[in-house]
Amino acid sequence: FPARTVVIATGAAYRKPRCEKLPRFEGAGVYYAATPMEAQLCQGEEVIVVGGGNGAGQAAVFLAESAKHIHILVRSASLADKMSRYLIRRIEETPKIVFRPYTEVLALLGDNHLESVMWRNNQTGMTEEHKIRHMFLMTGADPNTGWLDDCIALDSKGFIKTGLDLSPENLSVAHWPLARQPYLLEASLPGVFAVGDVRGGSIKRVASAVGEGSIAISFVHKVLQE
């Protein structure tokens, strides 16, 4: 299909534990973002945060303001590999937060809402079940960009680089042909835009993705007038 502009909005696939009932509890005890809305739901309750990156650390520290107790579960030995030292220190200084290394989620139990979580320590082999109704998955995402086959510049994690994130080297490799610099959401190929979770540096929220979509369309009109 010949086209002068393309908007890529193929999103990202979020990494999830292999639990049979996980889809049933998404939005009913399993969450992928820690906002004030989720914090209200967890008021005075125990919470699980799965993940060892900065997103998981920020979620744990934020939820500690309202939750009763927080378990951070990671399969590795420590948080130091992926989390900033500042967040690690905040976690260590917060009595409500317990770090559980070598641990992975085995099963989610409940009917219409998550009621309990079973996890295993892979170092000791010990399996435990806890009556916990809220679990936050902060394990990152893989962008749906494999189909692009290196035709535009991607960051180190495979997300599409746009606008000011495109370095002179990126534009040189891509043979950027225009005198102007790429627009805000424009990729390394003129007229190609990326919005939402597939774009490097995006906020990973529905509202921001919708906003990026509307902004991209305004730039599409600019490109069509060039």
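In this predicted model, strands β4 (46–50) and β5 (69–73) run parallel to each other and pair over five bridges. Within this pair, V50 stands opposite L73 of β5. Strands of a sheet pair through backbone hydrogen bonds, in either a parallel or an antiparallel sense. The β4–β5 pair belongs to an open sheet of five strands. The strand order is β3-β10-β4-β5-β6, and the pairing is parallel. The edges are formed by β3 (30–31) and β6. Each has a single partner strand, so one side of each is left without a neighbour in the sheet.

Helix α3 (residues 54–63) lies across β4, β5, β6 and β10 of this sheet. The helix runs at about 170° to β4. Its buried residues are A56, G57, A59, A60, V61 and L63. An α-helix has 3.6 residues a turn, so residues three or four places apart point the same way. The buried residues of α3 pack against four strands, namely β4, β5, β6 (97–100) and β10 (135–137). They also pack against two helices, α2 and α4 (85–92).

The contact between α3 and α4 was examined further. The two axes come within 10 Å and cross at roughly 35°. The crossing is left-handed. On the α3 side, the contact involves N54, G57, Q58 and V61. On the α4 side, L87, R90 and I91 take part. The residues of this contact divide into three nonpolar, three polar and one charged. Two of the α3 participants, G57 and V61, are also among the buried residues of that helix.

Helix α2 (residues 36–41) carries E38. This glutamate has 13% relative accessibility and therefore counts as buried, the cut-off being under 20%. Beyond its sequence neighbours up to four places away, E38 touches Y31, A33 and F136.

A second pair of strands, β8 (residues 114–121) and β9, is antiparallel and joined over four bridges. In this pair, V117 stands opposite H130 of β9. The two strands form a hairpin with five residues between them. There, G125 takes a positive phi near 80°.

Past this hairpin, K131 sits in the loop between β9 (127–130) and β10. At 67% relative accessibility, K131 counts as exposed, because the threshold is over 50%. K131 and E115 are 16 residues apart in sequence, yet their C-alpha atoms are 6.0 Å apart in space. E115 is one of the residues that K131 touches, along with S116 and E46. Residues up to four places away in sequence are left out of that list.

Another glutamate, E186, was also examined. E186 is placed in the loop between α5 (168–173) and β12 (192–194). Its relative accessibility is 0%, so this residue counts as buried. The side chain of E186 reaches the backbone nitrogen of G191 at 2.7 Å. Not counting residues up to four places away in sequence, E186 touches K161, T162, G163, L166, W176 and R180 on the N-terminal side. On the C-terminal side, the contacts are G191, V192, F193 and V223. G191 thus appears both as a contact of E186 and as the residue whose backbone nitrogen the E186 side chain reaches.

Technical notes: Residues are numbered from 1 along each chain as its sequence is written. This is a predicted model: local features need pLDDT of at least 70, side-chain atom pairs count only at pLDDT 80 or more; totals for chains, interfaces and linings use all residues. Side-chain values use heavy atoms; hydrogens and water are left out. Buried means under 20% relative accessible area, exposed over 50%, partly exposed in between (1.4 Å probe, protein chains only). A polar contact is a pair of N or O atoms within 3.5 Å; within protein, one must be able to donate a hydrogen and the other to accept it, and residues adjacent in sequence count only if both atoms are side-chain atoms. Contact means heavy atoms within 4.5 Å. Two strands pair if DSSP finds at least two bridges between them. Axes are lines fitted to C-alpha atoms, for helices over the stretch in contact, and angles run from 0 to 180 degrees between N-to-C directions. A crossing is left-handed if the near helix is turned anticlockwise from the far one by less than a right angle, and right-handed if clockwise. Ala, Val, Leu, Ile, Met, Phe, Trp, Tyr, Cys and Pro count as nonpolar, Asp, Glu, Lys and Arg as charged, and the others, Gly among them, as polar.
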